[in-house]
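Please look over the sequence and the model below, and keep both at hand while reading. The briefing that follows goes through strands, a pocket, charged pairs and backbone geometry, in that order.

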Amino acid sequence: MPAQISAFNDNQQRVSTQQLLQQIYAALEAGETEFEVLSSGHHNIGGPLWTQNGEPLRFRVKNPGQRVGSFGLDGTEIVVEGSAPADAGWLNAGATLTILGDGGDTTAHCAAAGRIYVAGRVGTRSGSLMKHDPAYEPPQFWVLKNTGSFSFEFMGGGIAVVCGVDCEGFDSVLGDRSCMGMVGGTIYVRGPVRGLSDEVWLLDLDEADREFLLAGLPVYLDKIDRPELFEELSDLGQWHKILAKTYEERSRVQHLTMREFRLREWVPEGIFGDVVTDDYEHVAGLVNAGADRLKIPHWQDKRYAAPCESSCPTSIPTQERIKLLRQGKVQEALELVLRYSPFPASVCGEVCPNLCMDACTRQYIDKPVAMKELGRLSRDAAAPLPAPESGKKVAVVGGGPGGLSTAWQLRLRGHAVSVYEADKEVGGKLRQVIPTERLPAEVLDNEIARIKNLGVAVHAGTKVDQELFAKLRAEHDAVVIASGAHSPVVIPFPGHERLVKGIDFLKAINAGERPPVGERVVVLGAGNAGMDTCLGAYAMGAKKVTAIDIQRPAAYQKEIAHVEALGGEILWPFFTDRIDEKGVHGKDGRLIEADTVIIAIGERPDLSYVPREWLSIKGMMEVDDCRQVTRAPGVFAIGDTIRPGLLTHAIGHGLEAAEFIDTYLRGEPLVAKKKPEIVPQECLSKELFRPQNRGRFCVIDAKSETNRCLSCGTCRDCSMCLEACPEGAIRRVEMDNGRFEYVSDDHVCIGCGICAGICPCGVWSMEQAV
């Protein structure tokens, strides 16, 4: 009775390969020599094993894993019921392995002795690296049907027999590229063979070959239980043998010249023959110009956006501004910024978190370009001249940064614009909420005066209701909803009626009032609005201010640092449970004592003046990709009325909306704009710029930043490419409009790529030749 080896334990759970092999070892120690193995993909069954007295071992295996019979020794017989996966018989050292099905890839790989019988097909690289130690009998590898590609690769010895049964219609029973690197051994094959290595011979059988096959076939067919095939397979006229060429025979190969190889082999019979055409006339040299170059340089000035431009919600092209300053065109540089934002000093220079600096490439060298100082340069700049009057009228509801940005841009385009603001003066949260220590009043007043002087009509103290809104729609060619978000969000936990609303608190301070606060103040919310509220609390006399949040503070680090410098504390995560006369109670039992609790976690827009069906399910204006209200042609919405954002987001929305409205007023279809692709960092030669001492870095004059800006994606006209080109293929061309371009002469350029490699701005690119 054979020893029963199971892949499953008493709980019907699969055991590991190690545990299954230990079962075999234990049975072997107990004197067992016959084994029935129920496997479940377990590896290495069948070897290397032996008995002390030399008694043979017999295995019958179901469902084996890889390397069944690997390292099998003389005296071991293994029968696999069904097919076997990869590496069956790997490094066979004398065992007899019979597979009553197909063999996987690399069957008989590195076999050195023994017999391997397969009753079906075998996979790729089967029989590869078979070898023969002359002190022992050569290994034999018998296959009933066919092999996969790369079979018998680097074969060094042994005997293989491929019977070619059930292979009618096959191009080759040995697959493709068989016998590559073969240096020894014999392969008997029945059926068509193609794609053999040039290092082997395909020969007819001699008498010794016939004797071997006629003696071996009955044994093999009996092993795989297919004796009825002997009559068919014993017709030896269908068989050939493959032998490796000797070293001398391989050495006598006549090598083709390059021209002969190209004309005879490269296209007509080569592996690319079905996809490549060749005129057989023109041969490219090693260094080529013109159409024979592998890559072609292209000067792509402004093809990509700079990182600062791409990250700026208003899309201010700072690299263009600095280029103009570098050229001494100061007035043009200041005017350029005003064509993107009417608030370069108030926002860019004072309150903006400067996302552009976070993206600036210069930070990888020393410090980002000083954007705030550059913004302040435009404080007193004159407004650009507007376009001629268009005769179109646009109404803007809301005089905050978004509404004023839209009005400014539309006025520059020649349209008559009227702004309707509920407060006594325009400016929105710039005027109402931001502490004057962060935004000096005279800076904001100066920039709002510039907007008014451009011709924007301002109707302050005018709250727009449904009736007035309907009138504005009827009397104007387009309407912009830019009323912002001023309704504070309040969480209805117990005691919420004790809360002071942060936006009302800040508005009161900026209006010159002194809202009362206790000595101990807790601010719910640690975003930028929360930090402004903390500053306001200290300004009103608070001695200890604590900001709490349920998550990592969303405020920018410099805002947090400002509050902490005054003695403020930021606590997170803190989950508020209730508020009472003692202060704020957390859900974890903590108490933060407070005399005043202010909530500053955000605001929602008041859109009661528009039809309800214009709103999304979240209560915001529902617009398309062109900022136009989906249910109201000619009505556009921006800023916090469509989604919460920064002040600079509202300004950017205003620019985009004005461009779409201008298109709409001209009667042209609106098409959404794609964000420009940012210049890849690997295209910029940062190593060409000398870093400054970070610890001593100080901006004295903003105009000095012209030397630090890398001008990412925009040519700085340094002429380094022109001077570095080894072939002199590049020239600088002046155009009638005062602009310039660099041109590469295709007849001279060799496509070496030095221009792209040395360009500090990433303007030159090498593109694959077609």
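D580 has G583, in strand 23, as its bridge partner. Strand 22 and strand 23 (residues 583-586) are paired antiparallel over four bridges, where two strands count as paired if DSSP finds at least two bridges between them. The model is a predicted one, in which local features need pLDDT of at least 70 and side-chain atom pairs count only at pLDDT 80 or more, while totals for chains, interfaces and linings use all residues. Residues are numbered from 1 along each chain as its sequence is written, and side-chain values use heavy atoms, with hydrogens and water left out.

**Strands and sheets**

- Helices (H or I, at least four residues) and strands (E, at least two) are DSSP runs, numbered from the N terminus.
- Strands 22, 23 and 24 form, in the order 22-23-24, an open sheet of three strands with antiparallel pairing.
- Strand 22 (576-580) and strand 24 (591-593) are the edges of this sheet, and because each has a single partner strand, one side of each is left without a neighbour in the sheet.
- On average, neighbouring strands of this sheet are turned by 20° against each other, direction ignored, with axes taken as lines fitted to C-alpha atoms (for helices over the stretch in contact) and angles running from 0 to 180 degrees between N-to-C directions.
- Elsewhere, strand 13 (residues 393-397) runs parallel to strand 14 (residues 416-420), and five bridges join the two; V394 stands opposite V417 of strand 14.
- Strand 13 is mostly covered, since four of its five residues are buried, where buried means under 20% relative accessible area, exposed over 50% and partly exposed in between (1.4 Å probe, protein chains only).

**The second largest pocket**

- The volume of the second largest pocket is about 650 Å³.
- A total of 26 residues line this pocket, and the closest to its centre are P313, S315, E656, K673 and K675.
- Two elements, helix 6 (307-311) and helix 19 (647-665), give two or more residues to the lining, and helix 19 gives the most, with seven residues.
- By type, the lining divides into eight nonpolar, eight polar and ten charged residues.

**Salt bridges**

- The structure holds 42 salt bridges, each being a side-chain nitrogen of Lys or Arg within 4 Å of a carboxyl oxygen of Asp or Glu.
- K223 and E77 form one of them, with their closest N and O atoms 3.0 Å apart; this pair links distant parts of the chain, K223 being in helix 2 (residues 207-223) and E77 in strand 4 (residues 76-81), 146 residues apart.
- K223 counts as partly exposed at 30% relative accessibility, and E77 also counts as partly exposed, at 23%.
- E207 and R210 meet through their side chains in a salt bridge of 3.6 Å, N to O, and because they are three residues apart in helix 2, about one helical turn separates them.
- R210 counts as partly exposed, with 33% relative accessibility.
- D532 forms a salt bridge with R438, the closest N and O atoms lying 2.4 Å apart.
- D532 belongs to helix 17 (residues 528-539) and R438 to the loop between helix 13 (429-432) and helix 14 (441-453), so this pair ties together parts that are 94 residues apart in sequence.
- D532 counts as buried at 6% relative accessibility, and R438 counts as buried at 13%.
- R362, D366, E705 and R708 are joined into one network by salt bridges that share partners.

**Backbone geometry**

- Most residues other than glycine have a negative phi, and most peptide bonds are trans.
- G47 and P48 are joined by a cis peptide bond with omega of about -5°, and P48 is in the loop between strand 2 (34-38) and strand 3 (57-62).
- Another cis peptide bond runs from W572 to P573, with omega near -10°, and P573 lies in the loop between strand 21 (569-571) and strand 22.
- L91, although not a glycine, has a positive phi of about 55°; L91 is in the loop between strand 4 and strand 5 (93-99) and counts as partly exposed at 24% relative accessibility.
- S719, also not a glycine, has a positive phi of about 65°, and is found in the loop between helix 19 and helix 20 (720-724).

Note on methods
On a 1 Å grid over the protein atoms alone, a cavity is a set of points where a 1.4 Å probe fits but cannot get out, and a pocket is an open set with protein on both sides within 12 Å along at least five of seven lines; lining residues have an atom within 4 Å of a point. Grid points are joined across faces, edges and corners, and a volume is the space filled by probe spheres set on the points. Ala, Val, Leu, Ile, Met, Phe, Trp, Tyr, Cys and Pro count as nonpolar, Asp, Glu, Lys and Arg as charged, and the others, Gly among them, as polar.
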